[in-house]
Amino acid sequence: MSQPEYTTAQATALTNHDRKPIHIPGSIQPHGVLLALSTQLEILQVSNNTQVYLSKAPEDLLGKPLSYLIDPQSVEIVKQCLVKKIGSANAFKVLINTLYGEIYFDAIAHHTEEAVILELEPTDSESEVSFLNFHSLASEAIAKMQSTSNLIEFLHLVAEEIQKIIGFDRVMVYQFDESEAGSVVAEVKREDLSPYLGLHYPATDIPAQARELYTRCFLRFLPDLTAEPVKLVPTENPKTHQHLDLSYSVLRSFDWCCAKYHQNMGVKALLVISIIQEQKLWGLISCHHETPKYISYEVRKMCEFLGQIASSELTHKISYSEWDYKVKLKSLQSEFLESISQADNFIDALIKPEIRLLDLVSASGAAVCLDNEITLVGTTPNIDQVRALIEWADTQVSDNLFSTDSLPKLYPEALIFKDTASGLLLLRISKIRRYYILWFRPEVIQTVHWAGNPQESMQAQADGSFSLSARKSFEQWQETVRLTSLPWKPCELDSAIALRNAIVGIVFSKADELAKINLELERSNQELASFAYAASHDLKEPLRGIYNFSTVLLEDYAQVLDDEGIECLQTVVSLSVRMETLINALLRLSQLGQAQLRVQATDLNELLNQVIDVFRASRQDSQFVDIRIPRPLPTVLCDRVLVNEVFSNLIGNAFKYNDKAEKWVEIGYFSQDGEDEGAGGAGGAGGAGGAGGDELLIHSPCLMPHAQCPIFYIRDNGIGIPHHHLETIFRLFKRLHSQEKYGGGAGAGLAIVKKIVELHNGKIWVKSNLGVGSMFYFTLE
């Protein structure tokens, strides 16, 4: 069978086995008696061995009240278990009269959702173990377990102390890994037995249902794996017509596969104690004996108590063993986050010095992905391989944190770079933007020692299917494991999550600071706009006086002035006219800052025709002007009056700054989804520059958030703009030429155009070739 076929067969067989209802076997082990009672303590079901232990046939007990069998005081103790949570037991001694005389039993009572269960195990002791006796037996063991901080030494002491108490041939501590397989990490055994220490066991050896029961019930005792189970009478609860739930029963019978498995190991008696860490099954204390061996309920409870102490201490031992490493990660993390919070460049903060990003999770390489920008650190796959890996992760990984120590098994393309990235830890920083950090670990070839061939648990059936069966051989069997890295530790995963949380917190903090700055800027801008409006409005009156009085002096007193005086007055008049032009521009700009847009659906073809008509009427040489519109413009939502001003300014500038004999202007648009017919027509006209024309369109920055928003352009064959002035031309009162050239002007037109475009949440920019022509782009959201 090939590995993929085996894996599929194993998964199917495991699924089928895990569906077996092992918690409702309908039978018990024969070393005791079980009675199922109603909440009124009427006997509904009994095990079919009551004659042996109680000298009463099942039919003599069914339908009887519990008081028929035991004394009233004991009945009250059973009744008290009803107020406890499901699974919590009341244990006590009870004396029952039989044909063989009075016999003491250990009585264990608990309840399920449907019934009260009372289990009776015969005992030689008529008195319970006192607290002092219990303490003396357990305190020495606890003291030894607490005496060491070394995890392996601690687990060996646990096995040693349990073995002293119960006297079994072998006591092992078995630890589960992430795949639910496990290994023996501590062992105390009879000297002549073969060691199991260090051997691995597949997940099939302890199926999911059994692991779930071990999580709820901390002790399982099977004194004789060769004993025949005892059926319940009747097989179903007569009130609910359901099988009796024996999840918490101490006498619950065992699965045949479990019995066969341990018998193949030479085991006849079994005691298993759960080790729980953070409410999860960390491992088991598994005790084997080669002959049937009974242990009293009280001794079992002491072993269960020691198991709970071991579970509690385990957390401290693991924490202590990992403490130094965690402290190192925390210290590194603190320094790292501080540098990120103070950095202006996010990527630089992450990768410089680069070793910090790798040490944060003990990785050999990392990749930082911010949208389409990927930065590699250390030993990694190449950029294209990382990009493809992120594409795969986008569709396969839904959580913010994903880790695997065997990436090629999940992502076959990773076989190519297994030497650098057999292990992957992926951190998603943003779900909206493609922001990732990926850490890599190389392949580490390992030799795993199994207790027998793990594939022997799968048996082929006649119909071609596979079923789970008990393995027969437990001799050491070696397997070479490839395509895996060292596993990621929980503290490393925590470190990655802490990094993400801190980055998100820093981003929010920066956003808050930016919001405060924006509010302050908005207030300042409003105040500045109000001041500009008031100043420009108030300045016009004294300026008008200067102009009028200067004109009067020229007209009425010219005869008393010499030529120099007349020239000075003419300069005053000229400067006052210039000053009024500047004030009007400032006033217009301040008005725009306080204006409310009157947005409406506007046919730009109709608006453009009006602009062109006004333009031709106001210019005597307009008959020499060639205005080209390659295709109809769209209808957009905008302030009609303000957009009219945009087109008027841009078209006016296109002819104003043009020294060609044949002047032309082209007005068009193209879509951000790639449609560019209008621009193509312009290129065919020869215009703003042959080579420069297509380059302007291809490399123009698409800054708008909405992909459907068209980009408008106004293209000319004018004088062009020097490259170093492309950003400054939109500043207020910025002129590139003297007043005498190209008809003068205040230098405020483009500043006003930019303000109007930004009021529409748009952008404006320009591309130009000096001496060839310019192309202004703008968008209106």
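This is a short tour of a predicted model, moving from the whole chain to single side chains.

Start with the whole protein chain in cartoon view. Its secondary structure comes to 21 helices and 29 strands. Of the 781 residues, 46% are buried. Now show the surface: about 39200 Å² is exposed, and carbon and sulfur atoms supply 53% of that area.

Next, select the aromatic side chains. The structure holds eleven aromatic pairs. Go to Phe647 and Phe778, an edge-to-face pair with 5.6 Å between the centres and 75° between the planes. Phe647 belongs to helix α18 (residues 640-656) and Phe778 to strand β29 (residues 773-779), so this pair links distant parts of the chain, 131 residues apart. Both rings' residues, Phe647 and Phe778, are buried.

Stay on strand β29 and select Tyr777 with Phe670. Their planes stand at 90° and their centres are 6.4 Å apart, so this pair is edge-to-face. Phe670 lies in strand β26 (residues 663-670), 107 residues from Tyr777. Phe670 counts as buried because its relative accessibility is 9%, and Tyr777 because its value is 0%.

Add Tyr669 and Phe712 to the view: ring pairs link them with Phe647 and Phe778 into a cluster. Then show Arg631, which lies over the face of Tyr669, 3.7 Å from the ring centre. For another such arrangement, select Arg170, whose charged end sits over the ring of Tyr196 at 3.9 Å from its centre.

Finish with the cysteines. There are zero disulfides in the structure. Cys217 is buried at a relative accessible area of 12%, and Cys638 is buried at 0%.

Methods. Residues are numbered from 1 along each chain as its sequence is written. This is a predicted model: local features need pLDDT of at least 70, side-chain atom pairs count only at pLDDT 80 or more; totals for chains, interfaces and linings use all residues. Side-chain values use heavy atoms; hydrogens and water are left out. A disulfide is a pair of cysteine sulfur atoms within 2.5 Å. Buried means under 20% relative accessible area, exposed over 50%, partly exposed in between (1.4 Å probe, protein chains only). Helices (H or I, at least four residues) and strands (E, at least two) are DSSP runs, numbered from the N terminus. Accessible areas come from the Shrake-Rupley method with a 1.4 Å probe; for residues, only the protein chains shown count as cover. Rings of Phe, Tyr and Trp (its six-membered ring) pair if their centres lie within 6.5 Å; planes under 30 degrees apart count as stacked, over 60 as edge-to-face and the rest as tilted. A charge sits over a ring if NZ of Lys or CZ of Arg is within 6 Å of the ring centre and within 35 degrees of the ring normal.
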